[in-house]
Amino acid sequence: MVRGKIEIKRIENLTSRQVTFSKRRKGLLKKAHELSVLCDAQVAAVVFSQKGKLYEYGSSDMKKMMERCEIHRREYFHAERFQKEQQVQDLKNEITIMVNSIELLQRHCRRLMGQDLDSCSLEELKEITIQIEKSLTIVRSRKATLNEEEVRKLKAEIAGKRELLNERTRLHEMFEEKPLWMQSRNLESEKNASSSASENMHISNVETDLFIGLPRSRV
């Protein structure tokens, strides 16, 4: 018969709790002994009952094992604490480097703006002058490029407006300066010319060859 799984929680019944403690304590110490024998490991198990009674198992001298455990624990926590302290110190050093870099950049910017120049040497002032001249050259070049682009756009707009003005003038001269009867005559002439052209095209399509005999049948 398969045993059902027991829910892992505190056993409320006192008798059942004591029986379970006794059984599982013996099983735990047995497993610790088997682990030490099978794996040639040093195993120590310490159990305190609810009433404070001590149960223990040690594969060797328990006192020596406890001392060894304490030494290992101190070394472990010391190494962990040292690692954390080293990380904190590294962060502090990085922050100090960043702060110094920011201060240098701010001082350099102030000098480029003509401030805090009293502490500058002659060589530093020459270097600042060269940097400012280079910056001015770049700024002037960019400004000239933008001016050329603006002039090109204005010329294109003026050319477009000029074309529109010429077209408007031409249309004005064509229609408004001539009398109405001339405009209508021109329109009639254009209509007659197009009609004549269409008639000529129709006549050119008619067959005009001379032949003798019966007319040919047309399919």
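## Arg25 and Tyr55

In this predicted model, the charged end of Arg25 sits over the ring of Tyr55. The distance to the ring centre is 4.0 Å. Arg25 is also one of the buried residues of helix α1. As for aromatic pairs, the structure holds 1.

## Helix α1

Helix α1 runs over residues 14-39, 26 residues in all. From first C-alpha to last, α1 reaches 37 Å. That is close to the 38 Å expected at 1.5 Å a residue.

Both ends have a feature to check. At the N-terminal end, Asn13 acts as a cap. A side-chain oxygen of Asn13 lies 3.1 Å from the backbone nitrogen of Thr15. After α1 comes Asp40, with a positive phi near 50°.

## The buried side of α1

Five names make up the buried set of α1: Arg17, Arg25, Leu29, Ala32 and Ser36. These buried residues pack against two strands, β1 (44-48) and β2 (54-58).

Two of the names, Leu29 and Ala32, recur in the largest nonpolar core. Val43, Ala45 and Tyr57 complete that core, which has 5 residues. Tyr57 contacts the other members of the core: Leu29, Ala32, Val43 and Ala45. Beyond its neighbours within four places in sequence, Tyr57 also touches His33, Ser36, Ala44 and Met62.

## Ser36 and its partners

Ser36 belongs to helix α1. Its relative accessible area is 9%. Buried means under 20%, so Ser36 counts as buried. Residues up to four places away in sequence aside, Ser36 touches Ala41, Val43, Tyr57 and Ser59.

Ser59 lies in the loop between β2 and α2 (62-112). Is Ser59 buried or partly exposed? Ser59 counts as partly exposed, because its relative accessibility is 31% and that class falls between the 20% and 50% limits.

## Contacts of the Ser59 loop

Ser59 is in contact with Ser36, Ala41, Gln42, Val43 and Met65, leaving aside neighbours within four places in sequence. Ala41 and Val43 are also touched by Ser36. Val43 is a member of the largest nonpolar core as well.

Ser59 can also be placed relative to Leu35. The two are 24 residues apart in sequence. In space, their C-alpha atoms are 9.5 Å apart.

Definitions and conventions
Residues numbered from 1 in each chain as written. Predicted model: local features only at pLDDT ≥ 70, side-chain atom pairs only at ≥ 80, totals over all residues. Heavy atoms only, no water. Helix = DSSP H or I, 4+ residues; strand = E, 2+ residues; numbered from the N terminus. Expected span 1.5 Å × (residues − 1). Buried < 20%, exposed > 50% of the residue type's maximum accessible area, 1.4 Å probe, protein only. Contact = heavy atoms within 4.5 Å. Polar contact = N/O pair within 3.5 Å; in protein donor to acceptor, adjacent residues only side chain to side chain. Core = buried A, V, L, I, M, F, W, Y, C linked by side-chain atoms within 4.5 Å. Phe/Tyr/Trp six-rings, centres within 6.5 Å; stacked < 30°, edge-to-face > 60°. Lys NZ or Arg CZ within 6 Å of the ring centre and 35° of its normal.
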